[in-house]
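Thanks for making time this morning. I would like to take you through the surroundings of a ligand, then the pocket, and finally a couple of backbone details, so please keep the structure in view while I talk.

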Amino acid sequence: MNDCIFCKIANKEIPSEIVYEDDLVIAFKDLSPTAPHHILVIPKQHISSANDLTEDNAEVVSHIFLTVAKLAKKFGFAQNGYRVVNNCGKDGGQTVQHLHFHLLGGREFGWPAG
Ligand code: AMP
Ligand code: ZN
């Protein structure tokens, strides 16, 4: 998907503040943070949303959660806790059509979601 902004970030075609990268995933700071720590973790492969996960491509999601746990430790908020959010589709508030997980830490979060 060559017009996908997160594919462009994964391919280093546009700059981002990358905090972790391996063969499968890349993690970078959200441009408009809503918490002291706001990191986006995405598969390098283009998957449009959670609706597009299949038996063949879903393994990356467990890798993303392992990455989340590593990053929470690295940035020092694992012990206090954190929130992981995936917005899917219009009602979910998804604005970028490339599967991504928000890792939010450094403050307390309310529930239920707004
Ligand atoms: P969502 O609303 O769940 O689709 O989240 C998309 C997120 O991507 C928002 O929190 C945006 O602030 C963030 N975002 C959009 N463009 C960029 C970018 N170029 N670099 C970093 N974060 C971005
Ligand atoms: Zn993409």
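The largest share of the shell around ligand 1 comes from helix 1, which contributes three residues, and I should say at once that what we are looking at is a predicted model. In total, 16 residues surround ligand 1, and the closest of these are Asp30, Asn87, Thr95, His100 and His102. If we sort that shell by class, we find seven nonpolar residues, seven polar ones and two charged ones.

Let me turn to the individual polar contacts of the ligand. Asp30 places a polar side-chain atom 2.5 Å from an oxygen atom of ligand 1, while His102 has an N or O atom of its side chain 2.8 Å from an oxygen atom of the ligand. With Leu31 it is the backbone that takes part, since a polar backbone atom of that residue is 3.1 Å from a nitrogen atom of ligand 1. How much of the ligand does the protein bury? Taken alone, ligand 1 exposes 510 Å², and 84% of that is buried by the protein.

Where, then, does ligand 1 sit? The answer is the largest pocket, and the elements that give two or more residues to the shell around the ligand are helix 1, residues 5–10, and strand 2, residues 25–29.

Moving on to the pocket itself, the space in it comes to about 350 Å³. It is lined by 20 residues, of which Phe6, Phe28, Asp30, Leu31 and Leu40 are the closest to its centre. Helix 1 and strand 2 are again the elements that give two or more residues, this time to the lining of the largest pocket, and the largest share of that lining, three residues, comes from helix 1. By class, the lining has nine nonpolar, eight polar and three charged residues.

I will finish with two points about the backbone. In the segment after strand 5, which spans residues 101–105, we come to Pro112, and the peptide bond that joins Trp111 to Pro112 is cis, with omega at about 5°. The other point concerns Lys12, which lies in the loop between helix 1 and strand 1, the latter covering residues 18–21; here phi is near 60°, a positive value in a residue other than glycine.

Technical notes: Residues numbered from 1 in each chain as written. Chains lettered and ligands numbered in written order. Predicted model: local features only at pLDDT ≥ 70, side-chain atom pairs only at ≥ 80, totals over all residues. Heavy atoms only, no water. Near = heavy atom within 4 Å. Polar contact = N/O pair within 3.5 Å; in protein donor to acceptor, adjacent residues only side chain to side chain. Areas by Shrake-Rupley, 256 points an atom, 1.4 Å probe, with all protein chains shown as cover. 1 Å grid on protein atoms, 1.4 Å probe; cavity = no way out; pocket = protein on both sides within 12 Å on 5 of 7 lines; lining within 4 Å. Sits in = over half its atoms within 2 Å of the grid points. Helix = DSSP H or I, 4+ residues; strand = E, 2+ residues; numbered from the N terminus. Nonpolar A, V, L, I, M, F, W, Y, C, P; charged D, E, K, R; others polar. Points joined across faces, edges and corners; volume = space filled by probe spheres on them.
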